[in-house]
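The questions below ask why certain terms are applied to this structure. Each answer sets a value against a cut-off and concludes.

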Amino acid sequence: MEPKIYLTAEVFGMCGGVFAALKTLEELVVSSSGQRLYVFRELVHNRFVTTEFEKQAVVFTENIEEIPRGVTLVIGAHGVSPDVEASLRSRAAICKDVTCPLVKKLHRIVSGLTPDDQLIIFGKAEHPEVQGVIGYSGTPQIHIISSPQ
């Protein structure tokens, strides 16, 4: 039998981008004086964190049409495509983009791809971060690998 190698992360927890996004949302909650705030998609994949913010008048939504016009809106740490960002900004009076700086760096890199380049993404096609990267891509030749098979 051939040996299998398993790699695990040395550090567990949230990345700096998610930590900064949570801090920004906490500051907005404090400064909003109880007014409803909207977050497009999850800020972090943690139901406990989401529930605690919902108790403080924060509304998380996956649907742009559910966001009333003129509200304070946060774009989550996973980022969005340019088209989605434009739609969100058109609805919000105040729009805070808390996309992780590493994700923003990836957006800049893929936006420089040409139509002849190929982009290979390891992830799930429906994940917000993958959708955002695809939206910035300068190539239509995109391959998403979502399983070892």
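**Terms and reasons**

Tyr38 is placed in strand β1. The model is a predicted one.

Q: Why is Tyr38 called buried?
A: Its relative accessible area is 10%. Buried means under 20%, so Tyr38 is buried.

Q: Which residues does Tyr38 touch, leaving out those up to four places away in sequence?
A: Tyr38 touches Val59, Glu66, Ile67, Pro68, Val71, Thr72, Leu73 and Val74. A contact needs heavy atoms within 4.5 Å.

Q: How far apart are Tyr38 and Ala21 in sequence and in space?
A: They are separated by 17 residues in sequence and by 14 Å from C-alpha to C-alpha.

Q: Why is Ser33 called exposed?
A: Ser33 has a relative accessible area of 68%. Exposed means over 50%, so the word applies to Ser33. This residue is in the loop between α1 and β1.

Q: Why does Ala57 count as partly exposed?
A: The relative accessibility of Ala57 is 24%. Buried means under 20% and exposed over 50%, with partly exposed in between, so Ala57 is partly exposed. Ala57 belongs to the loop between α2 and β2.

Q: What makes the phi values of Ser33 and Ala57 worth a remark?
A: Most residues other than glycine have a negative phi. Phi of Ser33 is near 55°, which is positive, and phi of Ala57 is near 70°, also positive. Neither Ser33 nor Ala57 is a glycine.

Q: Which residues of the largest nonpolar core touch the most other members?
A: Leu25, Leu43, Phe53 and Val58 do, in a core of 17 residues. At least two residues of this core come from each of α1 (16-31), β1 (37-40), α2 (47-54) and β2 (58-61). The largest share, six residues, is supplied by α1.

Q: What is Leu25 in contact with, leaving aside neighbours within four places in sequence?
A: Leu25 contacts Leu37, Val39, Leu43, Phe53, Val58, Phe60 and Val74. A second core, separate from the largest one, has 12 residues, including Ile64, Val80, Val84 and Cys95.

Q: Why are the buried residues of α2 said to line one face of the helix?
A: The buried residues of α2 are Val49, Thr50 and Phe53. Viewed down the helix axis, they fall within an arc of 100°, so they line one face. Arg47 and Phe48, on the other side of α2, are exposed. The buried residues pack against α1 and β2.

Q: What makes Asn46 a cap of α2?
A: A side-chain oxygen of Asn46 lies 3.0 Å from the backbone nitrogen of Phe48, at the N-terminal end of α2. A polar contact is a pair of N or O atoms within 3.5 Å, so the distance of 3.0 Å meets that limit.

Q: How do you know that β3 and β4 pair?
A: Five bridges join β3 (residues 71-75) to β4 (residues 92-97), and the two strands run parallel. Pairing needs at least two bridges, so β3 and β4 pair. Thr72 stands opposite Ile94 of β4. From β3 the chain passes through helix α3 (residues 82-91) to β4, in a right-handed β-α-β crossover.

Q: How do you know that β5 and β6 pair?
A: Four bridges join these parallel strands. The requirement is at least two, so they pair. Ile120 has His143 of β6 as its bridge partner, and Phe122 stands opposite Ile145 of β6. With α5, the two strands make a right-handed β-α-β unit.

Q: What makes the side chains of β5 alternate in their description?
A: Leu119 and Ile121 point to one face and are buried, whereas Ile120 and Phe122 point to the other and are not buried. In a regular strand, side chains alternate between the two faces of the sheet.

Q: Which residues of helix α5 are buried, and what covers them?
A: In α5 (residues 128-136), Pro128, Val130, Gly132 and Val133 are buried. Their cover includes α4 (101-111), β5 (119-122) and β6 (142-145).

Note on methods. Residues are numbered from 1 along each chain as its sequence is written. This is a predicted model: local features need pLDDT of at least 70, side-chain atom pairs count only at pLDDT 80 or more; totals for chains, interfaces and linings use all residues. Side-chain values use heavy atoms; hydrogens and water are left out. A nonpolar core is a set of buried Ala, Val, Leu, Ile, Met, Phe, Trp, Tyr and Cys residues joined through side-chain atoms within 4.5 Å. Buried means under 20% relative accessible area, exposed over 50%, partly exposed in between (1.4 Å probe, protein chains only). The arc is that of the directions from the helix axis to the C-beta atoms. A polar contact is a pair of N or O atoms within 3.5 Å; within protein, one must be able to donate a hydrogen and the other to accept it, and residues adjacent in sequence count only if both atoms are side-chain atoms. A crossover is right-handed if, with the strands pointing away from the viewer, the path from the first strand over the helix to the second runs clockwise.
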